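Good morning, and thank you for making time for this presentation. I shall walk through a single model, one region after another.

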Amino acid sequence: MHTDTILIVDFGSQYTQLIARRIRELEVYSEIVPFDEPLEITKNVKGIILSGGPKSVYEADAYHFDDSIFKQDIPMLGICYGMQIIVKYFGGHVEKHDTKEYGKALVDIIKPNALFEGLKSSETTWMSHGDRVVKTSDNFDVLAESNHIISAIKHRDKDIYGLQFHPEVNHTQHGVKVLKNFVYHICQATAGWKMRDYMHESVETIRSVVGSEKVLLGLSGGVDSSVAAVLLHQALGEQLTCVFVDHGLLRHEEADTVERVFKEYYQMHFVRVDAKEKFLSALKGVTDPEQKRKTIGKLFIDVFKETAASLGDFKYLAQGTLYTDIIESGTKTATTIKSHHNVGGLPKELGFDLIEPLNSLFKDEVRKLGDALNMPKEIVYRQPFPGPGLAIRVLGEITEAKLEMSRKCDHIMHQVIKADGLEDLIWQYFIVITNAKTVGVMGDKRTYGYVAALRAVTSLDGMTADWARIPYDTLANIASRIVNEVDGVNRIVYDITSKPPGTIEWE
Ligand code: XMP
């Protein structure tokens, strides 16, 4: 039923889903296939992309895959590790190098070609590799170099291309143009896939999987679980019950707002569970970030189980897990960065079957889905908020006093940013209460209080991010209000780390 399709062979890159999503943004359907599964080349398949990955092609544990695809007459693009696979297959040479290329790199196009159509002769790109191609076989042309390192190649007689840089990340300035050239011109795929299609497909899939069973959804009020709730409600109506666990780790007045929206506006089956005490006592003495995440994730499920048992017979547990949550928690091929609340904390003996209708989407795609579902803008365009809530924004041990500081500081930051008209320009902003204390002076008296860090980032999908260039006056206003209004905080710092190498949250 799908229109033209691009297959993406996944070798474990952090960015594989980003490639898929970029192709879908071009309104061409794309599908990710793990490297060790057979590729089904139907007539709709117009091209194949080989993803990057953490391995080295020359090592014994390099991924083995069905290389008969190279004999197919189908356009192919290898990205990073994907390009190195192509080089090795055709008899070129890849080597480990002492100097790695991470981050921005200027690439010089030395041979004009269809992939780089419309680009300048020198382009800003994003690299992330340790190995490099030192030589291609004779049947390849080098299309581009960065600092004399081969960064793009093409087979002389076939539409097989390789890129050392990542066209899928935003920091590659004209990456979308490169992918467009590949998809539309080289593969000759035509656009025809939209978010509304995804919505209809999801509704149908949910109905056919669930049948007449009952589904329990963990609703946090954040964008992800809210969109999942509305999507599931559309598919299942009365079969869905939303459970909102108030774990006491939420922001200013958040719990009441969530209840109002879903209970009154959407008229869903909505159960609010007050579990603040339980969470605080489980977190007592826990300081390690991973331990916090796992403790919260596990307790969340326990509370769910208890609630479900008291509510009746549920077969399914639905969650608003995103692709980012999965990839950053580690997959078969990618390495773990953080155990995201919805994934890492799940005990094996869950007792429910899981439904995760958003687990192939990125945050901004979820928002598009929310729009396709006609959801109110104030829900769909809310900032992302992590499942473990303020627990990972209060460093070290969680206490009610620190949580209260965090809520007050966060509320002030939101008020000032809104008043200064910056709300739509910043992707995500919040306060981190650090566990460092410093000396200050107020009204001639010595103070000894916590350092609060302001974090504000621009991003499109949470995979990469840059710190927001907030005007000094706004920063000054936030800092002075916090120090004056929030007991226990006496110093403010601004976090200017991008992702990578930092992550957006501090824990
Ligand atoms: P990091 O800190 O990994 O965050 O750069 C990327 C995005 O994900 C959000 N985040 C989470 N979301 N459960 C969630 O649902 C989590 O455990 C979690 N941890 C981080 C974070 O706020 C950012 O938007």
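**A serine and its surroundings**

Let us begin with Ser51, which is located in the loop between strand 3 (45-50) and strand 4 (76-79). Please bear in mind throughout that this is a predicted model. Is Ser51 buried or exposed? Its relative accessibility is 0%, so Ser51 counts as buried. Leaving aside residues up to four places away in sequence, Ser51 touches Val9, Asp10, Phe11, Gly12, Ser13, Thr16, Ile19, Ile79, Tyr81 and Gly82.

Two of these neighbours, Thr16 and Ile19, are also among the buried residues of helix 1. That helix spans residues 16-25 and is mostly covered, with nine of its 10 residues buried. Besides Thr16 and Ile19, the buried set comprises Gln17, Leu18, Ala20, Arg21, Arg22, Ile23 and Arg24. Just after helix 1, Glu27 takes a positive phi of about 65°.

Two further neighbours of Ser51, namely Phe11 and Tyr81, lead to the next topic.

**Aromatic residues**

Phe11 and Tyr81 belong to one aromatic cluster, together with Phe35, Phe65, Phe70, Tyr89, Phe90 and Phe140. How many aromatic pairs does the structure hold? There are 17 aromatic pairs. I have chosen two for discussion.

In the pair of Phe116 and Phe165, the ring centres are 6.4 Å apart and the planes lie at 25°, so the pair is stacked. Phe116 lies in the loop between strand 5 (93-109) and strand 6 (122-135), while Phe165 lies in the loop between strand 9 (160-163) and helix 3 (175-186); the pair therefore ties together parts that are 49 residues apart in sequence. Both Phe116 and Phe165 are buried.

The second pair is Phe262 with Tyr266: their ring centres are 5.8 Å apart and their planes are at 20°, so this pair is stacked as well. Phe262 counts as buried because its relative accessibility is 2%. Tyr266, at 16% relative accessibility, also counts as buried, because the cut-off for that class is under 20%.

Aromatic rings also take part in two arrangements with charged side chains. The charged end of Lys437 sits over the ring of Tyr450, at 5.1 Å from the ring centre. The charged end of Arg469 sits over the ring of Trp467, and here the distance to the centre is 3.8 Å.

**Two helices in contact**

Two packed helices are described by the angle between their axes and the distance between the axes. For helix 4 (residues 195-210) and helix 11 (residues 363-372), the axes come within 9 Å and cross at roughly 80°. The two helices are therefore roughly perpendicular to each other. Which residues meet in this contact? From helix 4 they are Met195, Arg196, Tyr198 and Met199, and from helix 11 they are Glu365, Lys368, Leu369 and Ala372. By class, the residues of this contact comprise five nonpolar and three charged, with no polar ones.

**Backbone geometry**

Most residues other than glycine have a negative phi, and most peptide bonds are trans. Against that background, several positions deserve a look.

Asn147 is not a glycine, yet it has a positive phi of about 55°. Asn147 is placed in the loop between strand 7 (140-146) and strand 8 (149-155). With a relative accessibility of 68%, Asn147 counts as exposed.

Glu253, again not a glycine, has a positive phi of about 55°. Glu253 is in the loop between strand 11 (240-246) and helix 6 (254-265). Its relative accessibility is 55%, so Glu253 counts as exposed.

Where does Pro500 lie? Pro500 lies in the segment after strand 18 (489-494), and the peptide bond leading to it from Lys499 is cis, with omega near -15°. A cis peptide bond also joins Pro500 and Pro501, with omega about 10°. Pro501 has its place in the segment after strand 18.

**A final position**

I close with Gln415, which is found in helix 13 (residues 400-419). At 35% relative accessibility, Gln415 counts as partly exposed. Gln415 and Ile478 are 63 residues apart along the chain, and their C-alpha atoms are separated by 8.8 Å.

Thank you for your attention.

How values were computed. Residues are numbered from 1 along each chain as its sequence is written. This is a predicted model: local features need pLDDT of at least 70, side-chain atom pairs count only at pLDDT 80 or more; totals for chains, interfaces and linings use all residues. Side-chain values use heavy atoms; hydrogens and water are left out. Axes are lines fitted to C-alpha atoms, for helices over the stretch in contact, and angles run from 0 to 180 degrees between N-to-C directions. Helices (H or I, at least four residues) and strands (E, at least two) are DSSP runs, numbered from the N terminus. Angles under 35 degrees count as roughly parallel, over 145 as roughly antiparallel, 65 to 115 as roughly perpendicular and the rest as oblique. Contact means heavy atoms within 4.5 Å. Ala, Val, Leu, Ile, Met, Phe, Trp, Tyr, Cys and Pro count as nonpolar, Asp, Glu, Lys and Arg as charged, and the others, Gly among them, as polar. Rings of Phe, Tyr and Trp (its six-membered ring) pair if their centres lie within 6.5 Å; planes under 30 degrees apart count as stacked, over 60 as edge-to-face and the rest as tilted. Buried means under 20% relative accessible area, exposed over 50%, partly exposed in between (1.4 Å probe, protein chains only). A charge sits over a ring if NZ of Lys or CZ of Arg is within 6 Å of the ring centre and within 35 degrees of the ring normal.
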